[in-house]
Amino acid sequence: MEISKKLTVGEVVKENYKTAQIFDRNNIDFCCGGGITLEKACEKANIDIATLLPELEAVVLANDPDSKYISSMQLNELCDYIEKRHHSYVNDNIPFLSEKLNKLCSVHGENHPELFKVREMFETAAGNLAAHMQKEELDLFPYIRKLVKFKNGGNPGLPEFGGIDAPIQDMLNEHQAEGERFFEIAALTSNYTCPPDACNTYRITYQTLNDFEQDLHRHIHLENNILFLKALALEKEIISKN
């Protein structure tokens, strides 16, 4: 892939996920904001694109088997992967983080009142993500699987929500909201930097919160920049032929 300023951020990360580290370092949103061109992203972040392009080119030229594997998946396989890898991760880590944040507020809240806001925001995110994933698992992903079956000779029928555009737009809006929420959590915690009086629980909680945010970024990237775009294109292709 030749890196040019007209490529979108999402296209670059899709080619090699290791480029996400470069975008993070330059304050460029690669998951929720992956739909804009490199040129616009650099303008927005006040970054010299002439410096960024060679750095991205060098990383993209290196082999990234994980990105190639994911790009080669059928959409039904990608839905399965997202559920098993990322939905399971969210469900497994929410109870742990909720418990640890409650403990931190109880023990350290007096000296670090920002912990109460972090807990409040995380609990809001946890509830929203649970509802979001349920909608994907019960409605959107099953329909995407039906589209794949239709392409292979089956008949998925029409979805109750009347097409894929509206539910995908809902998912995009919800991704944006949670991405912004974790941006605020990161700011409140100085990018998950523990204070000098932090105990082991403090350090483990902040590290897990950081890991949770990084997993969410990749989760959103897989949906926004790969799954949703391919699903929209597949539905359009099927409609045009029928």
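Student: What makes the second largest pocket a pocket, and how much space lies in it?

Tutor: About 240 Å³ of space lies in the second largest pocket of this predicted model, where a pocket, on a 1 Å grid over the protein atoms alone, is an open set of points with protein on both sides within 12 Å along at least five of seven lines, and the volume is the space filled by probe spheres set on the points, which are joined across faces, edges and corners. Of the 14 residues lining the second largest pocket, that is, those with an atom within 4 Å of a point, Tyr 17, Lys 18, Ala 20, Gln 21 and Arg 218 are the closest to its centre. Local features need pLDDT of at least 70 and side-chain atom pairs count only at pLDDT 80 or more, whereas totals for chains, interfaces and linings use all residues. Residues are numbered from 1 along each chain as its sequence is written, and side-chain values use heavy atoms, with hydrogens and water left out.

Student: How do you know that H7 reaches close to its expected span?

Tutor: Helix H7, residues 114-151 (a DSSP run of H or I with at least four residues, numbered from the N terminus), has 38 residues and reaches 51 Å from first to last C-alpha; the expected span is 1.5 Å times one less than the number of residues, so 51 Å is set against 56 Å and counts as close.

Student: What makes Glu 136 the site of a bend in H7?

Tutor: The bend is the angle between axes fitted to the seven residues ending at a residue and the seven starting there, and at Glu 136 this angle is about 45 degrees.

Methods: Helix = DSSP H or I, 4+ residues; strand = E, 2+ residues; numbered from the N terminus. 1 Å grid on protein atoms, 1.4 Å probe; cavity = no way out; pocket = protein on both sides within 12 Å on 5 of 7 lines; lining within 4 Å.
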